[in-house]
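Q: Here is a model whose assignments I would like to see justified one by one, with each value set against its cut-off.

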Amino acid sequence: MHDNNQQQAVRPIVTIGLVDNDAFSLAFLERSISELMSEARIIWKTTSGRDAVARCLDVSQSPNVLLTDMSMDELSGLVVCKTIRIKTARVKILAVTSFSLAVYSGKAAAAGAQGIVPKSVETPIIEAIRSVAAGGTWGEGFETAAEAHTRLGGQRTPRQFLLSDREAEAMNLCSRGLSTEQIAAEMRVNASTAKTYLTRAIHKLGVTSRGAAVALWTGASEGE
């Protein structure tokens, strides 16, 4: 028994970043990891995919492992994964989802994640974090961070990151089904300005309609 305790005590510290647009899910993940993984240090959590990408690409804030939800309003988890993996192999990525793993497993692997786990089951999450943090993978068909970076490194950053913050805000509201007038009210601008933000966003996303832009923005369509 003493040997087991000693073995646990010498586990290397693992720094972790969390991104999920559901605050309750973030709280659940933080609590579960903190309680069940003594070597874990959650250095930040955010509800914004854009913020998570910026932090992961900042050497002073990048965690050993990022846990990212796959289905988020602002940016899909797939875009978060791919954007980080194009730029660096430093951060290992573990996808989490409340949907069937089959829905996202292949796409998460293609986007550069090292594994995927169900959001609501605590034990596999801890085991998966440890495996990924140690340089391994979790699940069938996943590559290590280095392998995925080698494959994706020459690709362009996803178009979603070409948008300004205000254009991104307009797309977030548009993806919720709001009209131009409702978007304008939410953003506290006039309808003409809101329409300009949307027009620029649609152009930068490389599509020609709001419907196509929303599909790309939410991850329903993968685009490039």
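A: In this predicted model, Gly-17 stands opposite Leu-66 in strand 3.

Q: What makes strand 1 and strand 3 a pair?

A: Pairing requires at least two bridges between two strands. Strand 1 (residues 14-19) and strand 3 are joined in the parallel sense over four bridges, so the criterion of at least two is met.

Q: How do you know that strand 3 pairs with strand 4, and which residue in strand 4 is the bridge partner of Thr-68?

A: Five bridges join strand 3 to strand 4, and the two run parallel, so the requirement of at least two bridges is satisfied here as well. The bridge partner of Thr-68 in strand 4 is Ala-95.

Q: Why is strand 3 called mostly covered?

A: A residue counts as buried under 20% relative accessible area, and five of the five residues of strand 3 are buried. Val-65, Leu-67 and Asp-69 point one way, Leu-66 and Thr-68 the other way, and all are buried.

Q: What makes helix 4 mostly covered, and what covers its buried residues?

A: In helix 4 (residues 77-87), 10 of the 11 residues are buried, among them Lys-82 and Arg-85. The cover includes strand 3 (65-69), strand 4 (92-97) and helix 5 (101-110).

Q: How do you know that the buried residues of helix 9 lie on the same side?

A: The buried residues of helix 9 (residues 180-187) are Thr-180, Ile-183, Ala-184 and Met-187. They cover an arc of only 100° around the axis, which is why they are placed on the same side of helix 9. The face turned away from that buried side carries Glu-181 and Ala-185, which are exposed.

Note on methods: Residues are numbered from 1 along each chain as its sequence is written. This is a predicted model: local features need pLDDT of at least 70, side-chain atom pairs count only at pLDDT 80 or more; totals for chains, interfaces and linings use all residues. Side-chain values use heavy atoms; hydrogens and water are left out. Buried means under 20% relative accessible area, exposed over 50%, partly exposed in between (1.4 Å probe, protein chains only). Contact means heavy atoms within 4.5 Å. The arc is that of the directions from the helix axis to the C-beta atoms.
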